[in-house]
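Student: Could we go through some of the labels used for this structure? I would like to see how each one follows from its cut-off.

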Amino acid sequence: MFLDIIYIVVGLVLILVGANALTDGASAIARRLGISDLVVGLTVVAFGTSTPELVISVLSAINGNSGMAIGNVVGSNTFNILAIVGITAIVRPIVIERTVMTREIPMMIISSLVLLILGNTPLLDGDATATVSRAEGLILLIFFGIFMWYTFAAAKNAGPDEPLAADNAAKKEFKPLKAVIWVAGGLAMLIIGGDRFVSGASGIASMMGISDAVIGLTIAAAGSSLPELATSIVAARKGRTSMAVGNVIGSNIFNIFLVLGTTATVHPVALGGIGNVDLLTLMGASLLFLTCGWLFGRRTITRAEGAVFALCYAGYITYLVVNI
């Protein structure tokens, strides 16, 4: 128990320090390459912060813990939208670019819909249990390849974000080598920190007799999503809201198409204790993100809306805890 608590504390420290380094390094690289913060968030930052989910899901599936593997993906994506977007918006209202509303968020909704369909194969085909097969895993990886191709193709027509006057001079001091070192070091700390946090939290949960699926939906999901949370909050506080939004959207797409696709390709994944309540909550969260962006605040997630997101996540977790 004591060692698990140490893992949690050390993991949190590494995650917070790594998020700051990753944000600064990625922003510097974006400016030097003439790439927008949004694209960096959708690719480099999203891939880095999704690495804990990839490691946890693949290892869980190989070890026969399918519930943990799929629960980690579903739980992380739900956490990303409701908790991360909510908390980030409370820290600083999130302004969403029009292109994000018409392209990236719909892609995120499609990924959630694909997962919902895969989770209901027993109803559609009469199978005994819902399982993401190797063939379906390969299809998810093809979707991921299409998303990456589209993102980089769009990047050619996107200009860099205007730097904030306050830190423009500071960013000039970021030499290319230093920026790369900060990104690599930040990613390393995020990965190690996320792994230590999840290890400690899962150890405590296991001693309490909680199922793999619930651990995946809650502790593992929140722990492996701490890199996204830390990176988004730090980016928002520094005025890089495009990177914060791109990080969340990119991570959700990565988690379903890349993480679940890779995991199922390595070892078929049975959904087990992950049911329609969990899948529909994720789908509803995705639609809520789109709805708030279009209907309220003029493409801005306000502090009040952020509070609603956070409360929705608290309600979902309360439901899981009550029904353990």
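Student: Why is Phe-254 called buried?

Tutor: Buried means under 20% relative accessible area, exposed over 50%, and partly exposed in between, with a 1.4 Å probe and protein chains only. Phe-254 has 1% relative accessibility, so it counts as buried. Keep in mind that this is a predicted model: local features need pLDDT of at least 70, side-chain atom pairs count only at pLDDT 80 or more, and totals for chains, interfaces and linings use all residues. Residues are numbered from 1 along each chain as its sequence is written, and side-chain values use heavy atoms, with hydrogens and water left out.

Student: What makes Cys-312 partly exposed?

Tutor: Its relative accessible area is 36%, so Cys-312 falls between the two limits.

Student: How do you know that Cys-312 is in no disulfide?

Tutor: A disulfide is a pair of cysteine sulfur atoms within 2.5 Å. A search of the whole structure finds zero disulfides. For Cys-312, the nearest cysteine sulfur belongs to Cys-292 and is 8.7 Å away.

Student: Good, now the rings. Why is the pair of Phe-79 and Tyr-313 called edge-to-face?

Tutor: Rings of Phe, Tyr and Trp (its six-membered ring) pair if their centres lie within 6.5 Å; planes under 30 degrees apart count as stacked, over 60 as edge-to-face and the rest as tilted. Here the centres are 5.3 Å apart and the planes stand at 85°, so the pair is edge-to-face.

Student: And what makes Phe-147 and Phe-254 a pair?

Tutor: Their ring centres are 6.4 Å apart with planes at 85°, so this pair is edge-to-face too.
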